[in-house]
Each structure stands twice: as structure tokens, then as C-alpha cells.
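Colleague: I'm new to this one and would like to know how you justify the words you use for it. Could you put the structure up so we can go through it?

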Amino acid sequence: MRMSAPIWQSGSLAKPLRIGSVQLETNLLLAPIAGYCDLAFRTVCREWGGVGLACTDLLSPQGLLRGSASSLDLAKTNDFDKPVGMQLYGSDPEIMAAGARWAVEHGATVIDINMGCPVDKVTKKDGGSALLTNLDRAVGIAKRVREELDRMPLSAEEWRRRMGVGAKGRGSEGAREGQKEIGNAGLPPPSLPRSLAPSLTPGPVPLTCKMRICWHNADFEAGTQCSPHLARMLADVGVAAVTVHGRTTEMKFSGVVQLAGIKRVVDEVNGVIPVIGNGDVKTPQDAERMLRETGCDGVMIGRAALTEPWLFRSVWHYLQTGEEIRQPSLEEKIATIRRYFRLMQEHRDDRYAIWQIQRRISWFAKKMAVKLPDGRMESVKPFKEAMRTTKTPAEVEACLDVFVSGGLRGGAEAEEEVGSEA
Ligand SMILES: Cc1cc2nc3c(=O)[nH]c(=O)nc-3n(C[C@H](O)[C@H](O)[C@H](O)COP(=O)(O)O)c2cc1C
């Protein structure tokens, strides 16, 4: 479908992002979502194409340093999962620096510091968005982590690995190859730039920070320059990019994302470092609006990708051409769920894979209801319920088979609340 605004004529919004020395293939990033954006999920999104950078969920440096099984599992990556950011949270500069060292030694392409998490467990220890109330501490952590990263430059050969050069599935041809694995070979290949040579110059790993616009709603309304000042100070100590989730800490995940809050940061840093906008991007048009109205350089997408792992490809295509790419068929959507399940079996085990698929099925199935000839939506509730009672991998596979061949549907479709833990 052609849109009225001719954004594709200049292609100005489809500018691949550069973070320090790291040249990404697009300006679209997969957000960290604790408990959801694991290696299997990042792989599925990357196989669809359009992901410039994906990030691990927030990692505890203490957990990494003492080798806690859950932290090591969250930090798991591989050669295909590149470039990858590893996100650390905490408030002690020395521990954060040691965590950053660990992350670089274990495959990170970019280190990110969490300055936006609103969860009590994190903020009560002065980490996450509590750093928005103590800008000196936030900058001190970034400065110390930056120093540590400068002490461990990577070789050109190591940069090749960190950028995924040569890994299966890189570039247009490779992405097509990856797509075959998830059963959507019928779609045209994603239009990723072929000409971009990733940065292979020896040098240190870039540091980024992810923040909210400020803690209190009243401060934002009064025009207090919390995140703009913080972003500026972070740039001064060598932070290569900032991501701004356009909500205050008080808002948690409710209310409407404030594009004006993101724009204030863009205006303040004035091109010194890139600003990545984040929050409520669910469609290519949402991404275009965020880029256009805030002037930000990239867009990070979280929850919408849990329903549409192919969203990055759709957004990138739209930003480049102004046209909407064909959406995956039901078969392709089910193949994506199957792919995620099998990857999870490989990375962990059957029991964990079943648990994950059951807790995610509402996200995956959110847009699978189809319109009946009389205009009503046909419910997929029986499918979700059947999936939640599966006990073996064979039952999961059978459930997907039955659904794709037309079964496990019926009744009135009611909107189900998903992701309530947010
Ligand atoms: C369940 C959940 C877990 C999250 N975990 C993290 C996290 O580990 N680190 C982080 O920086 N942000 C985290 N976020 C925030 C997201 O990265 C993102 O900023 C937010 O969801 C807004 O973007 P979206 O509307 O595209 O989802 C989380 C959000 C949710 C809903």
C-alpha cells in the first residue's frame, strides 16, 4: 500500500545506525525484555531480518562474576547472535566495570548500562532508573566502565566475530538461508544494505546507556531536563549512544509514550551521539512517526516483537520504500513458533522449552485471530488453552500441526491481557 508521505524518495529515515566504531546494518534494535529476549528469541528475530542490534536482558554483574547458572544462561550468545549488546545493571562503578570486562570476554559487541528499570528490586539498590535521581553517580559508573573497556581493545579478527562476519545467516543471502529454517522461504528476502562493511578496525567495545525520560511525572511536565542533561554528560565521558524509553519511572508501562521527552534528549545532544527512541512502536508507521517527530537516529522495539518477530523486517522495508511488505502467512507464523520452540530445546531442555512456549503463547497468538465472513473475529482461545496443557514436545508439535490445519478455533474472541508482569 502506498502512503501519502513520500519518505521513501529520500530514504532519509532508513539510515543504518553507527554506535561508536560499530556500523549496524539498520537503525532498528531489539529491546531487552527480562525473561523474553533470550538467545532463541533473538535468533528468530534476526532470521526474519531487519535487526541492527539485539540486546541481552538485564544482567547482574555479581551473578556473572560468581558464575551463577541463571546469569550465565541469560548472557548466552553465539556467532549468529551478532552484533549483540549485553546489558548490565547496578550502582557500584567497580562491580559494573568488572561485569563489563566479563561481558567483553564473553562475546559482547556493545555494553549497555540499564538506567531505566523501574522495578523495586533494582531501584532499591540504587540501580536502574534510580540513577535518574543521582546523575553524578550515573555518570561516574559510565566513566569507570568506559575506562575498563578502553583497557581491553579487540583485534580486527575478534571484531569480525563480534559483527557476525561469516556467520550463517549474515547479509541478504544468509538471511534468506535463515528464513528457510523457519519455513518462510516464500517471502522476498529482506532488503538489508549489502554495501555496508562492518567495522573491523581494532579498538574498544562501545558503551551505551538506556534510560527513561525522568523519575517523576511532575518533573517532566515542569520541563526538568533530567535525561537531556544526563545524555549530554554521558556523551562527555565517552558513551557512544543513548536509548530513551519515552516514559517516566512513575508511569512504569502505563500511559502514552512521550515523544516530546525523547525529542528533548535529541535536541540537547545535538548530534554529538546518536539517540535511540523507544516505547510503544507496534507498526512501521509508529517507527516512522517516532523518527520523524523526535529526530532520533534509531528505534528500539520490545513487546511488539514478541507478537511479530518479523516486525523489524517490515519496519525496515517500509522506511526504505514507503511500502508495506507482505505479512507472513499463518503457516509462516506457526513455523516461527516451532523454530523458537526447537531452538529453546537445543539451548536448554524440553521442560524449559515447554514452559517458555506456554508463557509466550498469548504473545505469539495475539494477531492470529482471523475475520469470519460475517465480520466477527474467530477466537484462537482453544489453541492457547491446548498449548498451555501440553506436557511433551510431541504434544506441542501436534498442537501446532492441528492449529495450522484449521483446528483449535472457535467462540467469541476477547482481548486477553498479556505481559502483566511488566
Ligand atoms: C516484561 C518486561 C521486561 C523488561 N526488561 C527490561 C530489561 O531487562 N532491560 C531494559 O532495559 N528494559 C526492559 N524492559 C523495558 C523495554 O526494554 C522497553 O523499554 C519497554 O518495554 C518499552 O518498549 P516497547 O513498548 O517497545 O516494549 C522490559 C519491559 C517489559 C515489559
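Modeller: Sure. In this predicted model, a backbone N or O atom of Ala34 sits 2.8 Å from a nitrogen atom of the ligand.

Colleague: What makes that pair with Ala34 a polar contact?

Modeller: The cut-off is 3.5 Å between N or O atoms, and Ala34 has 2.8 Å, so the pair counts as a polar contact. A polar backbone atom of Pro32 is 2.7 Å from an oxygen atom of the ligand, and an N or O atom in the side chain of Asn114 is 3.3 Å from a ligand oxygen atom. Those two values also fall within 3.5 Å.

Colleague: And how much of the ligand does the protein bury?

Modeller: On its own the ligand exposes 610 Å², and 92% of that is buried by the protein. Around the ligand there are 17 residues, with Pro32, Gln87, Asn278, Asp280 and Arg303 the closest. The shell splits into eight nonpolar, six polar and three charged residues.

Colleague: Now the helices. Why are H16 and H19 called roughly antiparallel?

Modeller: Their axes cross at roughly 175°, and anything over 145 degrees counts as roughly antiparallel, so H16 and H19 get that label. H16 covers residues 330–347 and H19 covers residues 393–404, and the axes come within 10 Å.

Colleague: Which residues make the contact between H16 and H19?

Modeller: Among them are Leu330, Ile334 and Phe341 of H16, and Val396, Leu400 and Phe403 of H19. By class, the contact has nine nonpolar, one polar and five charged residues.

Note on methods:
Residues numbered from 1 in each chain as written. Predicted model: local features only at pLDDT ≥ 70, side-chain atom pairs only at ≥ 80, totals over all residues. Heavy atoms only, no water. Near = heavy atom within 4 Å. Polar contact = N/O pair within 3.5 Å; in protein donor to acceptor, adjacent residues only side chain to side chain. Areas by Shrake-Rupley, 256 points an atom, 1.4 Å probe, with all protein chains shown as cover. Nonpolar A, V, L, I, M, F, W, Y, C, P; charged D, E, K, R; others polar. Axes fitted to C-alpha atoms, helices over the stretch in contact; angles between N-to-C directions. Helix = DSSP H or I, 4+ residues; strand = E, 2+ residues; numbered from the N terminus. Parallel < 35°, antiparallel > 145°, perpendicular 65-115°, else oblique. Contact = heavy atoms within 4.5 Å.
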